[in-house]
Structure formats: structure tokens, C-alpha cells
Amino acid sequence: MYRSFHGIKVVAQRTGLTAHVIRIWEKRYKAVEPTRTETKRRLYSEEQIERLILLKEITQKGHSIGNVANMPIDELRQLSDQSQVKGHSVYLRYSATQTPETFINECIAAVQALDHYALEESMKRAMVILGAQGLLQRVVAPLIQVVGDLWNVGTLTAAHEHFASAVIRVFLGHAVKPFTGTGNSPGIIVATPTGQIHELGALLVGAAAANMGWQVTYLGASLPAAEIVGAVIQKKARVVALSIVYPGDDPQIEEELKWLRDLLPPEVVLVVGGRAITEYQDVLENIGALQIQDLSHFTSTLNELRKSKIKQK
């Protein structure tokens, strides 16, 4: 019987997975075993494509790729149909008519109610419908902006923002784990500088970088320059990504940024984003930092760096 086979580019288009993730799942978890041409080009069968689609659906619903990668395909189909998530005896309800705005409103209501479960469930459904990048760029990024705005005008308290940060941190850490790069991937350090305690933007940046296959080391909020540089040296990172949100008039930030650039190895690229970067534009230009406007700009910048300057040794 004739069997059709497809290259990895076609498989990526049909599954919604990046070629990088497909290779990781193949190499690290033995999820599929493609045939090889004489030139070592990967070829995937229709059944293997179905398997990858099922694995993507199942991991987006909360299951670890390590636990399901080697399951028979019939069991994967059953598990996908069940739509059961992380030990909860409930079923997610999905609707293609749900929009990013719907999910954002659900998430804001959950934050206001300090409802951990509701916030997590809204993000799970958004990821299933919109995909990982859609979740990050169309839901979590604007959600972070709204949370910051509501905190700034006093509608949300610091407790609400910290609650949102904690839930989003755990969720994104789990959601992007199957996509994290290997030891051969370029490394990136993500943090906020001293005095910057709002870390939601940094969390989002770390998740986006991990989803693109970078080795991410997330250091959290309010890190002194020397501590960041120490992590760069230990992890042999090629990029440092900082988030600067509030305040926008802290003279200490300017000194920290200058100190950081002086301490960093010259080949390490410094990228800085966040709503307050316009207030520090002069110092950012003086130290040669790449200024990031939004998450889409950040991902395109990482792509360009990976293609040109960033060569992992």
C-alpha cells in the first residue's frame, strides 16, 4: 500500500508545532521516529503527523510530554477526547467563537476575585484555541498591560498584581516546558533591574523566549547588575532581557544599566522592554541596548539575533 511522507516544514504547518519542537520531541522523548533519506532529511508519515497533533493537544491541556510521548496512538486519541486536565475531574469547554478579548475579560475577573482556578482555566482554554504564541501575544501580553493599568489607577491592589504574577508564573512555566531548548540552544537571562518589582512583563518575555527554543534562565524581579552578570557568566548566556515598568523616574536605574553594560562581556546583547523604557531612552541608546516595543518585536528580535549574531559555542 502506498504511504505518503512529508518533510518537517509541511509537518510543522499541519501540526502547529515549530520544527524545533518537533525535533526536541523526537530526540528527547522519542515521540516519533521519522524515516531518513540518504541526505538525512526527515520524512514523516500521516500517522506520525496525527500523533504529533494529538500530543500537542494533550500537552496543551496540562499533561507532561514526558508522560505521554510513548503512549500508543489509540490511547492518545482517548486521552485527547477526554480533555481531562491535571487531575481535575472536570472537562474544559472549548468554543472557536471565543475571542482573545473574551479570555482577557475572564482573566481580569479572576484576578479581581483572587480566583486561582478560574484564572488558570481561562488561560488553558485560550492556549488550546489560540495556540502557545496566540496565548502569549493576544491574551497574556494585553492582560499584563491591563493589570498594570488597573493597579496604577488603584482599581487593583498590589495583592492582586502579586496574585496574578504568581499564577501566571506557574502556568507559563508549565505551558512552555515542552518547548524549551536543548543544551545546544542559545541562552538568555531574563530579569528586572534593581528597584523594578513588577515582573509580569519579564515572565512573559521568558515564556516567549522558551517557546522559541531558547535556554531561559529566569531570575525574577529587582536584581542588581552584578548578580545578573554572574548568572550570564555561569550559564554562558548570549542575551540579557530586562523589563522596566515602574517607576519611570528612578535615577538608580540609569546607573544600574550603565554598570550592567560595563560588566557584561561585550559580545552579550542587552535587550530592554517595558512601558517605562521611553523614560530611559537616552541611557539605553548610550549603552547600545536594543529597545523592545512589544512582544512581537521581541520575538522578531530574537529571531534576527539567532540568525546573525548569536552563535552558540
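# Reading the helices and sheets

Student: Helix α13 (residues 295-307) lies across β4, β6, β7 and β8, running at about 145° to β8. How do you know where a helix or strand begins, and what is counted as one?

Tutor: Helices and strands are DSSP runs: H or I over at least four residues for a helix, E over at least two for a strand, numbered from the N terminus. In the protein chain, the secondary structure comes to 13 helices and eight strands. This is a predicted model, where local features need pLDDT of at least 70, side-chain atom pairs count only at pLDDT 80 or more, and totals for chains, interfaces and linings use all residues. Residues are numbered from 1 along each chain as its sequence is written, and side-chain values use heavy atoms, with hydrogens and water left out.

Student: What stands behind an angle such as the 145° of α13 to β8?

Tutor: Axes are lines fitted to C-alpha atoms (for helices, over the stretch in contact), and angles run from 0 to 180 degrees between N-to-C directions. Contact here means heavy atoms within 4.5 Å. Helix α10 (residues 225-235) gets the same kind of description: α10 lies across β4 (187-193), β5 and β6 (239-243), and runs at about 170° to β5.

Student: Which strands make up the sheet with parallel pairing, and in what order?

Tutor: That open sheet has five strands, in the order β5-β4-β6-β7-β8. β5 (215-223) and β8 (290-292) are the edge strands, as each pairs on one side only. On average, neighbouring strands are turned by 20° against each other, direction ignored.

Student: How do you know that β7 and β8 pair?

Tutor: Two strands pair if DSSP finds at least two bridges between them. β7 (residues 269-273) and β8 have three bridges, in the parallel sense, so they qualify. In this pairing, Val-271 stands opposite Leu-290 in β8.

Student: What about β2 and β3: how many bridges join them?

Tutor: Two bridges join β2 to β3, which run antiparallel. They belong to an open sheet of three strands, ordered β1-β3-β2. The edges are β1 (5-6) and β2, each pairing on one side only. Helix α3 packs on this sheet, touching β1 and β3, and its direction makes about 85° with that of β3. Thr-35 stands opposite Leu-43 in β3.

Student: Why is α1 called roughly perpendicular to α2?

Tutor: Their axes come within 9 Å and cross at roughly 100°. Angles of 65 to 115 degrees count as roughly perpendicular, those under 35 as roughly parallel, those over 145 as roughly antiparallel, and the rest as oblique. That crossing falls in the 65 to 115 band, so α1 is roughly perpendicular to α2. Where they meet, Ile-8, Val-11, Ala-12 and Thr-15 of α1 face Ala-19, Ile-22 and Arg-23 of α2.

Student: And why is α7 called roughly antiparallel to α9?

Tutor: The axes of α7 (residues 116-152) and α9 (residues 200-211) come within 10 Å and cross at roughly 175°. This is over 145, so the two are roughly antiparallel. Among the α7 residues in the contact are Leu-136, Val-140 and Ile-144, and among those of α9 are Leu-200 and Leu-204.

Student: What makes up the contact of α7 with α9 by class?

Tutor: It has 10 nonpolar, three polar and no charged residues. Ala, Val, Leu, Ile, Met, Phe, Trp, Tyr, Cys and Pro count as nonpolar, Asp, Glu, Lys and Arg as charged, and the others, Gly among them, as polar. For α1 with α2, the tally is five nonpolar, one polar and one charged.

Student: Arg-125 is in helix α7. Is Arg-125 buried or exposed, and how do you know?

Tutor: Buried means under 20% relative accessible area, exposed over 50%, and partly exposed in between (1.4 Å probe, protein chains only). Arg-125 comes to 13%, so Arg-125 is buried. Its side chain makes a polar contact with the side chain of Glu-106 at 2.5 Å. A polar contact is a pair of N or O atoms within 3.5 Å; within protein, one must be able to donate a hydrogen and the other to accept it, and residues adjacent in sequence count only if both atoms are side-chain atoms.

Student: What sets Lys-30 apart in its backbone, and why does it count as exposed?

Tutor: Lys-30 has a positive phi of about 55° although it is not a glycine, and it is found in the loop between α2 and β2. Its relative accessibility is 52%, which is over 50%, so Lys-30 counts as exposed. Lys-236, in the loop between α10 and β6, also has a phi near 55°. Lys-236 is exposed, with a relative accessible area of 62%.
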